[in-house]
Amino acid sequence: MGISSAESITSVLQETRTFPPPAEFTAAAHINSEAQYQDLWERAKDDPNGFWGEMAAGLHWFKKWDKVLDGKMPDAKWFVGGRTNVSYNCLDRHLTTWRKNKAAIIWEGEPGDTRVLTYQDLHREVCKFANVLKKLGIKTGDRVTLYMPMIPELAIAMLACTRIGAPHSIIFGGFSADAVAERNNDAQAKLVVTADGGWRRGKEIELKNSVDASLEKSPTVENVVVVRRTGSPIVMEPGRDYWWHDLMHEASADCDAAELDSEHPLFILYTSGSTGKPKGVLHTTAGYLLGTMLTSKWVFDLKDEDTYWCTADIGWVTGHSYIIYGPLANGATTLMYEGAPNWPHDGRFWEIIEKYKVNIFYTAPTAIRAFVKWGDEWPNKFDLTSLRLLGTVGEPINPEAWMWYHHVIGGGRCPIVDTWWQTETGAIMISPLPGVTTTKPGSCTKPLPGVVPDIVTKSGESLPANAGGLLVMTQPWPSMLRTLYGDHERYVRTYFSEIAGCYFAGDGARRDADGYYWIMGRVDDVLNVAGHRLSTMEIESALVSHPRVAEAAVVGFPHDLKGEGICCFVTLTGSDGDDQMKQELKDHVRKQIGALATPDMIRFSNALPKTRSGKIMRRLLRDIAAGREKTGDTTTLEDYTVLATLRASEE
Ligand code: PRX
């Protein structure tokens, strides 16, 4: 959805419903008045050093920082000279309190198996795996790829990496072998941790087989550790591959947390950009930890009694920040579910909520739209009265889905936090505070303390209320990315060159007269498919790597469930395309990138609309893909007959 997408602006303009927080919620909330919010926000804006210094006192420091904030964007450094450790903050410091035997992770596998790890349990496993990493020669600073299902060992591996200061790079299990190889190579990973497989909708995702294929193209990887999850036969290469359980069996449970610099690299997470290969977003230790810890507490109003469930996959940033680091830093109980929402039935999520008496539930609009489609009878079968707060993330939520979430899942009593943020921001930036903010369906409302956004024109002028423009950040914040791994120049160019002095997020938005933000979607050629960013360029290169494809252009189109679907316009060499060819190309993209990038629509055309200078006019293709009769301005189009041909191309 581009910034010029008029529908989204019109539909949100008509939204006038407001929902103040219930009084009982406010009475018990961590932040509980507009005045308190305003005070925090103003203080953070006017005196970032004082504000963040005060907030950082909530972390454990081996050595206190010398300076809170040093430098400006793009190279701002936080808590300079301080020494801390993420796994120490998420685990060790709870062990001297009553939380020692509190459930840290409640886990449910897709087949229905369950495990509960207390903070003490998790600490022991993390220390052991940290020793395993050391034994395999992993040192502070070495990169470790985690390509795993949603099982407790993933959390253990993440925290073990942070314990010794080895940045992890988690690759979503839906990515293909080629995508894993590309990321291994970019990060120059030394070790891959994986599993034989994982469960998804009753089927096995064969992770180890993909790793084996990826290693043919990833020379830096020396060893592979494999968790036995599904028990399927796999090939273990002697001297390279080890079973997790064998190594853990011998490992000591004693491992001091490394005293790491505040700015020590914590993890790399690959995300899509509009050009070139995936971007290795790099987060560092103290700022990220502080950002995720505070926002978990403020936005989810986390309390010790809560059972909190974020349904994201840990392969995405939401899982990093709001299944693992934020909740555990707060000593919370975080629920982790391995599988699909519709397995073995369409009510699985609601069954889990009833079973564990979940209090806080955080999911994505794409999931909510699927729930709506599956019917109210599913949530209605289960007792959801334990819920007290609901959240969404990943894309704009359409007001009707918001209303459904509010009524059918929240029983009309739960505030909804629509949280805007990105892989790059590390933590939630714009969101309601559930005890304070009167919500408006479809708006992510107001910036959190420490976040100073603006809506500007391309030349950087601030826009008045209700004018759509570019969403930027005018001040640095602790959990922001520090670089793109191995390519600082690309980092500066991507995020800081568009609008002078500001971080440009890539989203279009407007701010209404009450100061509420309404996100209008990405302004670049990045699709948002089911809440995940996919680069059109990567899908195009995958298509063009097929011997029959001469040229390809990929655009998004409105999709009922996924938000945006993937439409590919393809010019073939040789004979005309048919249905079999369409299927072949879909399979080809799936193999190259992964199932999440599988095209929804392939349309063959012997030419693509281009400007005189040869640039593909994507906005025209977007109009055609969306079935709009009339396309926008075509004056720069080189060959008008192309449009008619494209329209005639069948889905
Ligand atoms: O376009 C925005 C959309 O998702 C993008 C960030 O994607 P990613 O880095 O994959 O992280 C997703 C999870 C944090 C943003 O640039 N987005 C995310 N949250 C929202 C949103 N759009 C509207 N409303 C949101 N709440």
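The lining of the second largest pocket is made up of eight polar, four nonpolar and three charged residues (Asp, Glu, Lys and Arg count as charged, Ala, Val, Leu, Ile, Met, Phe, Trp, Tyr, Cys and Pro as nonpolar, and the others, Gly among them, as polar). This is a predicted model, where local features need pLDDT of at least 70 and side-chain atom pairs pLDDT 80 or more, while totals for chains, interfaces and linings use all residues. Residues are numbered from 1 along each chain as its sequence is written, and side-chain values use heavy atoms, without hydrogens and water.

The pocket's volume comes to about 280 Å³ (the space filled by probe spheres set on grid points joined across faces, edges and corners). Asp576, Gly577, Phe604, Ser605 and Asn606 are the closest to its centre among the 15 lining residues. A pocket here is an open set of points on a 1 Å grid over the protein atoms alone where a 1.4 Å probe fits, with protein on both sides within 12 Å along at least five of seven lines; lining residues have an atom within 4 Å of a point. Two elements, β29 (563-572) and α21 (641-648), give two or more residues each (strands are DSSP E runs of at least two residues, helices H or I runs of at least four, numbered from the N terminus). β29 gives the most, three residues.

Follow β29 out of the pocket and you meet β28 (residues 549-559), its antiparallel partner through 10 bridges (pairing takes at least two DSSP bridges). One pair of bridge partners is Ala552 and Val570 of β29. Three residues separate β28 and β29 in a hairpin.
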